[in-house]
Amino acid sequence: MGMAKLRVGGSWSGVLEVDLDDWSVGMLREEVANRSNCGGGPQCINLICAGRVLKDGDGSEKLSQLGVKNNAKILASKVSTDQDGKSVKEEFLAEEERAKRISRLKASATNLASRHADGSLPVEDFNLELENQSGEKVKLGSETDQRALMMGLMLHANAKALMRREQYRDALEVLTMGEEAFSLCDPKLIEMVDNVSILQIDMVWCYLMLRDISWLSVAGIRLAKAREGIERAHGKESSRLRVLQGGRYPELALYLRIELLEGVVAYHSGQLQKSKDALISARARYFQLQIPDETLSLLMSMGYKEDESKRALRMNLDVASAIDFLIEEKEKKARKREEDIRRQKEIKELKGYGVTPLKKSVDLQKLNELISIGFEKEIVAEALRRNENDIQKALDDLTNPETNAVIQDVIISRKRKRSRRAENHASSGSDSASASNTIPEQNPNPSVPLPETAPLLPEIAPMEEVRDVEMEEELTEELYRADAYSDYDIQITKEGEAINEYLALLASAPQTST
């Protein structure tokens, strides 16, 4: 076959002249490693041609025998090597620890979603609640749907944190678990939101960052589904999103990433013209999202941080709108802090009322409704608790003089016991509160029997699973940091590098398309 040209891109870009009948994969790998200044030697380079990883085999096979032809495109990517001299055992233990962490993460997300989706009294001082892009609390579908959505959102937020730390392999596993969680939701609910579509895009981004072309067959399908889902959720040309966001453009960076990934997939599928069109469109968006230094300096001189200034400028068309955006976001954060403090107080109050026979918390809305009629709060809370938040049955108990008197006696007796427990705790220095919650209360008025379905003392439900507090805190911390714009907040630096890399590969490719 003689001499041939190979067009290499990735860790090193250029054209190599080789004898396909003489060169092996090992020789090509060594040449690319030398030209890319890879300190780890040939073993730090992966070579991919036509969607296949080129493997050394026994070293006797030549490039021509592996189907490599003149003008073939080769993607070279660097892989981590064992530069620290870790033993096989250490590597195995590290992998085992990583697998354990992923398992803990999934279990914690499952437990958190289960506790917060069914209306049970939270053991924490916060509630996990679903919100729309305006920050309003929403309830979507059944309890199963709520639980699946919460779990999917928690895992997606955690995966994004891993992506920011460039831990793409771990992020991909967590994204896969998030995808599984979302799949448990009613499909009609999923069509209303863009979260699953963004998760699909994040998965393909991880594929690219890992330089793993084995994903090629599924990446195109994921991107097609993501584009369809985003258009359905955002409206044609983002018309619905524009109304929701008051004329802002938070989605531009997201569309830049989609078009880049579509261009990459088309390139590796041999659709060069389609790849070029997508990459040129992505490059135009990239230039559109560049922030002038003087504009950034202006916002930072007003006291705003660099990251939040860049975010505001990328999502708005002019400086005045960006400033308005920053002011609104600051006000939203202040309101959220106030809401969190208020909710913490509510949860503390609810814990004082105990749980219903089915281990639910007292319904605050019904509590306030009955208080507005003129009943005392503590009596109303006990009436609702023992009647499983059935407002009519609670009202019957409150308006029945005998039952009302029994409830009041129960509350007085309970207060006395709590007071004695507090005194005993103070004198002995021991913590007996959790054990004493299960002490049965005597009916102070035996002539009026209480409903058999309602225990007299609020009992905190025993924990059925051992909480992984560390992992739960990691999951909820990421959710707490996120806001309505987090999914669209993309730095685009790596996107710009990838656009240039693949446009360079296209420029060096034969001027044909399929």
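**Figure 1. A salt bridge within helix 3 of the predicted model.** Helices are here DSSP runs of H or I with at least four residues, numbered from the N terminus, and helix 3 in this predicted model spans residues 143–164. The side chains of Glu143 and Arg147 form a salt bridge, with an N to O distance of 3.4 Å, and because the two residues stand four apart in that helix, about one helical turn separates them. Both partners are partly exposed, Glu143 having a relative accessible area of 38% and Arg147 a relative accessibility of 26%.

**Figure 2. A salt bridge between helix 20 and a loop.** Glu501 and Arg211 pair through their side chains at 2.7 Å, N to O. Glu501 belongs to helix 20 (residues 493–508), whereas Arg211 sits in the loop between helix 6 (195–210) and helix 7 (216–234), so the pair ties together parts that lie 290 residues apart in sequence. Glu501 is buried, with a relative accessible area of 14%, while Arg211, at 23% relative accessibility, is partly exposed.

**Figure 3. A network of salt bridges with shared partners.** Lys160, Asp202, Arg257, Asp487 and Glu495 are joined into one network by salt bridges that have partners in common. The structure as a whole contains 36 salt bridges.

**Figure 4. A salt bridge between helix 19 and helix 2.** The side chains of Glu470 and Arg104 meet at 3.3 Å, N to O, in a salt bridge. Since Glu470 lies in helix 19 (residues 469–481) and Arg104 in helix 2 (residues 88–117), this pair links parts that are 366 residues apart in sequence. Glu470 is exposed, with a relative accessible area of 56%, and Arg104 is partly exposed, with a relative accessible area of 29%.

Conventions
Residues numbered from 1 in each chain as written. Predicted model: local features only at pLDDT ≥ 70, side-chain atom pairs only at ≥ 80, totals over all residues. Heavy atoms only, no water. Salt bridge = Lys/Arg side-chain N within 4 Å of Asp/Glu carboxyl O. Buried < 20%, exposed > 50% of the residue type's maximum accessible area, 1.4 Å probe, protein only.
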